[in-house]
Amino acid sequence: MPQESMREQFPQTMRLTRAAALPKRLRLGIDDAVGAFSVHGACGMLGCLWLALFGNEVGLFTGGGASQLVTQLIGVVAIAAFVTATAAIGGFALKAAGALRVSEEEEVEGLDIHEHGMYGYPEAALGAPVD
């Protein structure tokens, strides 16, 4: 049955999607140190579309037709628009409040000490050079 094979391949597809999104993110200059977009954005979009393609009795390839695919595409676009607008509003608000950047001193010394009161990397605490 196709659903069982798709269930087996889904985690690998998510890993591949995340790996493919990383170079694109870097090329676009998006600062995303933890890969949040590639995990939640790209894999979330793929997960929404996966249902429309392979879902039991509703998927395009399981006899459900294209209506579910159209519905899921509308949902993906709506979610992307909402997240983009919300993030832009939040980013502009933080910038206007002066809370978007840390001081140059904090940036040079690292936020571990200033924000958490301890080193995040043992090399720094032991006095080893940090590149």
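This passage describes the helical arrangement, one helix pair and several individual residues of a predicted model.

The protein chain contains six helices and zero strands. Read from the N terminus, its elements follow the order α-α-α-α-α-α. Of the 131 residues in the protein chain, 14% are buried. Among contacts in the protein chain with a separation of 6 or more, 29% join residues 24 or more positions apart.

Helix α2, spanning residues 36-54, packs against helix α3, spanning residues 67-96. The angle between the two is about 165°, and their axes lie 8 Å apart. Because angles over 145 degrees count as roughly antiparallel, α2 is assigned a roughly antiparallel orientation relative to α3. The crossing of α2 past α3 is right-handed. By class, nine nonpolar and two polar residues take part in the contact of α2 with α3, and no charged residues do. On the α2 side, the contact is formed by M45, C48, L49, L51, A52 and L53. On the α3 side, the residues are Q68, L69, Q72, L73 and V76.

Within this contact, Q72 was examined individually. Q72 is located in helix α3 and has a relative accessibility of 16%. This residue is therefore classed as buried, the limit for that class being under 20%. When residues up to four places away in sequence are not counted, Q72 touches C48, L49, L51 and A52. These four residues are listed among those of α2 that meet α3.

The cysteines were considered next. The structure holds zero disulfides. In general terms, a disulfide is a covalent bond between the sulfur atoms of two cysteines. For a pair to be counted here, the sulfur atoms must be within 2.5 Å. C43 has a relative accessible area of 9% and is buried. C48, which is one of the α2 residues in contact with α3, is partly exposed, at 26% relative accessibility.

The loop between α2 and α3 includes E57. The phi of E57 is near 65°, which is a positive value in a residue other than glycine. Most residues other than glycine have a negative phi. E57 is exposed, its relative accessible area being 70%. This value places E57 in the exposed class because the class begins over 50%.

A further residue, I113, is found in helix α5, which covers residues 111-116. I113 has a relative accessible area of 34% and is partly exposed. With neighbours within four places in sequence left aside, the contacts of I113 are with M118 and Y119.

In summary, the chain consists of six helices with zero strands, and α2 and α3 pack at an angle of about 165°. Q72 in this pair is buried, whereas E57 in the loop between α2 and α3 is exposed.

Key:
Residues are numbered from 1 along each chain as its sequence is written. This is a predicted model: local features need pLDDT of at least 70, side-chain atom pairs count only at pLDDT 80 or more; totals for chains, interfaces and linings use all residues. Side-chain values use heavy atoms; hydrogens and water are left out. Axes are lines fitted to C-alpha atoms, for helices over the stretch in contact, and angles run from 0 to 180 degrees between N-to-C directions. Angles under 35 degrees count as roughly parallel, over 145 as roughly antiparallel, 65 to 115 as roughly perpendicular and the rest as oblique. A crossing is left-handed if the near helix is turned anticlockwise from the far one by less than a right angle, and right-handed if clockwise. Contact means heavy atoms within 4.5 Å. Ala, Val, Leu, Ile, Met, Phe, Trp, Tyr, Cys and Pro count as nonpolar, Asp, Glu, Lys and Arg as charged, and the others, Gly among them, as polar. Buried means under 20% relative accessible area, exposed over 50%, partly exposed in between (1.4 Å probe, protein chains only).
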